[in-house]
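User: Hi! I have some questions about how the terms used for this model were assigned. Could you take me through them?

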Amino acid sequence: MANFDIRRFGLVLRWMAVSTRKEVLSNTGAMFFAYMVVFVTNMLSSLHADFEHAESRLDGAVVLNTMVFMVICVIGGCWIINNMRTKEQRITFIMLPASRLEKFVARAFYVTVVWAVMAFAAYCLADVFRILMSLVMGVHVVGCTIPKFLSQIFDDYIVPYFIITKSSWVEMLLLAAYCSWVFWIHSIYVLGGVFFRRRQFVLTSCFNFLLAIAGTLVASVLLKNYLAVGSTGNIGILAIAACVVFILWGAADWWLAYRLFRRMQVINNKWINL
């Protein structure tokens, strides 16, 4: 069997679309609930506020939900093999007439592209529900926030950095370092999702917390010693170094995740997939 065949890969995607409908609906519902917590809190605080204050608080809720969206997208890697929780599910997925690479890429597609689409769809549903609740509760501001939500993601944070006339090369390097950092964090959740059989999110998050402490200590030393003179060039060099480290480390995490996925069997360890 060839290692990767586009036709078999398409069949795996089609099979996943049918077999994971309940998983997609339940996860989208959880995302919807996370957005609604922010919106409901905003509506309760805006009941007796005037138009300007209600509008300002709604803008703050959109910003907060944008952060929720980004967190959801980053941690989605933990669910990369969520379709192999039981023995029957593992047998079904392993016995599919496709290579391990095709199955892994299909699940990677799910926790990246499909997961982001689910998060956006959940936000749209939450916004519609917020509008209906605002009309019933008498909140002054009931307009659609989807354009503001998209503006927070693209216009305010991403697009301006790629316009040379508006941003310096240092700002572009810092954005690249930030994107590399997000890729690295997501890759850790992917590796944790494959490595741990139970409590993937909790255990991987604890590991990330320890890494954050160690990274903060290292960053504080570098910022104190290397940037003492406040040189813009030094900031650029550190940003480039961060990009290289995060991209290579993230790529290594994805490679290790695939190697672990290839070694998975129907019966594995109680806590790890080995």
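User: How many cavities of 30 Å³ or more does a search of the whole structure find?

Analyst: Happy to help! This is a predicted model, and searching the whole structure gives one cavity of 30 Å³ or more. Its volume is about 40 Å³.

User: What makes it a cavity and not a pocket?

Analyst: A cavity is space where a 1.4 Å probe fits but cannot get out, whereas a pocket is open. The lining of the largest cavity consists of Asn42, Met43, Ser46, Ala54, Leu58, Arg130, Ser134, Val139 and Val141. Helix H2 (21-45), helix H3 (51-75) and helix H5 (100-137) each give two or more of these residues. By class, the lining has five nonpolar, three polar and one charged residues.

User: Which residues are closest to the centre of the second largest pocket?

Analyst: That pocket has a volume of about 280 Å³. Of its 13 lining residues, Asn82, Arg85, Arg197, Arg199 and Gln200 are the closest to the centre. Helix H8 (residues 200-225) provides the largest share of the lining, three residues. The lining divides into six nonpolar, three polar and four charged residues.

User: Why is leucine 217 called exposed?

Analyst: Leucine 217, in helix H8, has a relative accessible area of 55%. Exposed means over 50%, so leucine 217 qualifies as exposed.

User: Which residues make the nonpolar surface patch with Leu217?

Analyst: Phe209, Leu210 and Ile213 join Leu217 in a nonpolar surface patch of about 430 Å². Patch residues need over 30% relative accessible area, and Leu217, at 55%, is therefore above that cut-off.

Definitions and conventions
Residues numbered from 1 in each chain as written. Predicted model: local features only at pLDDT ≥ 70, side-chain atom pairs only at ≥ 80, totals over all residues. Heavy atoms only, no water. 1 Å grid on protein atoms, 1.4 Å probe; cavity = no way out; pocket = protein on both sides within 12 Å on 5 of 7 lines; lining within 4 Å. Points joined across faces, edges and corners; volume = space filled by probe spheres on them. Helix = DSSP H or I, 4+ residues; strand = E, 2+ residues; numbered from the N terminus. Nonpolar A, V, L, I, M, F, W, Y, C, P; charged D, E, K, R; others polar. Patch = residues over 30% accessible without salt bridge, like charges linked within 9 Å, V, L, I, M, F, W, Y side chains within 5 Å. Areas by Shrake-Rupley, 256 points an atom, 1.4 Å probe, with all protein chains shown as cover. Salt bridge = Lys/Arg side-chain N within 4 Å of Asp/Glu carboxyl O. Buried < 20%, exposed > 50% of the residue type's maximum accessible area, 1.4 Å probe, protein only.
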